[in-house]
Amino acid sequence: METKKSTYTQRTPEEIRAWFYRAKARIAAREEEIRAMYAEELRMKEEAEKKHVYELEPA
């Protein structure tokens, strides 16, 4: 694949900072999503364990 320019375009410091801030925001959003999924998984696991214990109790 050939390029028309042999040099990279120079980004301004503001563009670089904006890119890093967007990346940081994406990472934070993904981490929050993962935390929510983990909390839901723990809740479901706890609920399943309680249900299992209740099923084992004699009537």
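A salt bridge, as I use the term in these entries, is a side-chain nitrogen of Lys or Arg within 4 Å of a carboxyl oxygen of Asp or Glu. With that in hand, I note that Glu40, Arg43 and Glu47 are linked in a network of salt bridges. The model I am reading is a predicted one.

**Entry: overall fold.** I looked up the secondary structure first and found that the chain has one helix and zero strands. Helix 1 covers residues 13–56. I then turned to burial, where 2% of the 59 residues of the chain count as buried. For the surface, I noted that the chain exposes about 6,500 Å², with carbon and sulfur atoms supplying 59% of that area.

**Entry: the network around Arg43.** I went through the two contacts of Arg43 in turn. In the salt bridge with Glu40, the closest N and O atoms are 2.5 Å apart, and in the one with Glu47 the corresponding distance is 2.9 Å. Arg43 and Glu40 are separated by about one helical turn, because they stand three residues apart in helix 1. Arg43 and Glu47 also both lie in helix 1, here four residues apart, which is again about one turn of the helix. I checked how far the members of the network are covered: Arg43 has a relative accessibility of 41% and counts as partly exposed, Glu40 is partly exposed at 36%, and Glu47 is partly exposed at 48%.

**Entry: Arg30 and Glu33.** In total I find four salt bridges in the structure, and one of them joins Arg30 to Glu33, with the closest N and O atoms 2.9 Å apart. Since these two residues are three apart in helix 1, about one helical turn separates Arg30 from Glu33. I recorded a relative accessible area of 43% for Arg30, which is therefore partly exposed, and for Glu33 I likewise wrote down 43%, so that Glu33 is partly exposed.

**Entry: aromatic residues.** I looked for ring pairs and found that the structure holds one aromatic pair. That pair is formed by Trp19 and Phe20, whose ring centres are 4.9 Å apart and whose planes meet at 80°, an edge-to-face arrangement. The assignment follows because planes over 60 degrees apart count as edge-to-face. Is Trp19 buried or exposed, or does it fall in between? I find Trp19 partly exposed, because its relative accessibility is 45%, and the partly exposed class lies between the cut-offs of 20% and 50%.

Methods: Residues are numbered from 1 along each chain as its sequence is written. This is a predicted model: local features need pLDDT of at least 70, side-chain atom pairs count only at pLDDT 80 or more; totals for chains, interfaces and linings use all residues. Side-chain values use heavy atoms; hydrogens and water are left out. Rings of Phe, Tyr and Trp (its six-membered ring) pair if their centres lie within 6.5 Å; planes under 30 degrees apart count as stacked, over 60 as edge-to-face and the rest as tilted. Buried means under 20% relative accessible area, exposed over 50%, partly exposed in between (1.4 Å probe, protein chains only). Accessible areas come from the Shrake-Rupley method with a 1.4 Å probe; for residues, only the protein chains shown count as cover.
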